[in-house]
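Here is a friendly walk through the model on your screen. Keep the sequence and the 3D view side by side as you read.

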Amino acid sequence: MQMAATTSLQICLHKLLRTHPLTALPSHKFITQNMSYEIVTLDEMIWDGEKQHFFYECPCGDVFTLTPDDVRAGEEIARCASCSLYIEVEYDSSQAEELLKELCV
């Protein structure tokens with residue numbers, strides 16, 4: 001009986017996530033078990049020279065941010081200041097350092 005209850009709960013949760021406005025996204029952007037909104041590369045993020053950070057749009061309307069200091073420290077999580085979502089940012093540290101030199105930061 002316990003197995004059937006778990007399966008029913010999983011089905012209900014799946015239906016809820018597919019219809020909720022913040023999670024009704026294409027399957028490649030679906031919230032994963034580790035709660036990361038998405039996995040992106042540093043190249044997919046946009047550099048804001050004025051604010052001196054990389055950013056990526058968040059579904060809440062704000063942005064995920066990663067600073068040059070974060071990149072140099074090896075940080076792979078970019079957080080949104082307005083909600084609890086975050087993304088994982090993949091990059092090679094030597095390529096990231098070259099990119100930072102190109103941006104003069």
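In which strand is E90 found? E90 is in strand β6, which covers residues 86-90. Strands here are DSSP runs of E with at least two residues, helices are runs of H or I with at least four residues, and both are numbered from the N terminus.

A word on the source before going further: this is a predicted model, in which local features need pLDDT of at least 70 and side-chain atom pairs count only at pLDDT 80 or more, while totals for chains, interfaces and linings use all residues. Residues are numbered from 1 along each chain as its sequence is written, and side-chain values use heavy atoms, with hydrogens and water left out.

**The chain as a whole**

The chain has three helices and six strands, and along the sequence they follow the pattern α-β-β-β-β-α-β-β-α. Of the 105 residues, 27% are buried; buried means under 20% relative accessible area, exposed means over 50%, and partly exposed lies in between (1.4 Å probe, protein chains only). The accessible surface, from the Shrake-Rupley method with a 1.4 Å probe and, for residues, only the protein chains shown as cover, is about 7,300 Å², and 54% of that belongs to carbon and sulfur atoms. Taking contacts (heavy atoms within 4.5 Å) between residues at least 6 apart in sequence, 37% join residues at least 24 apart.

**Salt bridges around R72**

Side chains of opposite charge can pair when their charged atoms come close. The structure holds two salt bridges, each defined as a side-chain nitrogen of Lys or Arg within 4 Å of a carboxyl oxygen of Asp or Glu.

| Salt bridge | Closest N to O |
|---|---|
| R72 and D69 | 3.7 Å |
| R72 and E97 | 3.8 Å |

R72 and E97 link distant parts of the chain, with R72 in helix α2, E97 in helix α3 (residues 93-102), and their positions 25 residues apart in sequence. R72 and D69 are about one helical turn apart because they are three residues apart in helix α2. Together, D69, R72 and E97 are linked in a network of salt bridges. D69 is exposed at 58% relative accessibility, R72 is partly exposed at 38%, and E97 is partly exposed at 29%.

**A negative patch**

Back to E90: at 48% relative accessibility this residue counts as partly exposed. E90 joins D43, E44, E75 and E76 in a negative surface patch. Patch members have over 30% relative accessible area and no salt bridge, with like charges joined within 9 Å; for nonpolar side chains (Val, Leu, Ile, Met, Phe, Trp, Tyr) the limit is 5 Å. Asp and Glu count as negative and Lys and Arg as positive, while His and the chain ends are not counted. The place of a charge is taken as NZ of Lys, CZ of Arg, CG of Asp or CD of Glu.

**Two more places to look**

Is H53 buried or exposed? H53, in strand β3 (residues 53-57), is buried, with 14% relative accessibility. Beyond its neighbours within four places in sequence, H53 is in contact with I46, W47, D48, T65, L66, T67 and P68.

A73, by contrast, is exposed at 68% and sits in the loop between α2 (68-72) and β5 (77-80). The C-alpha atoms of A73 and S93 are 9.3 Å apart, with the two residues 20 apart along the chain.
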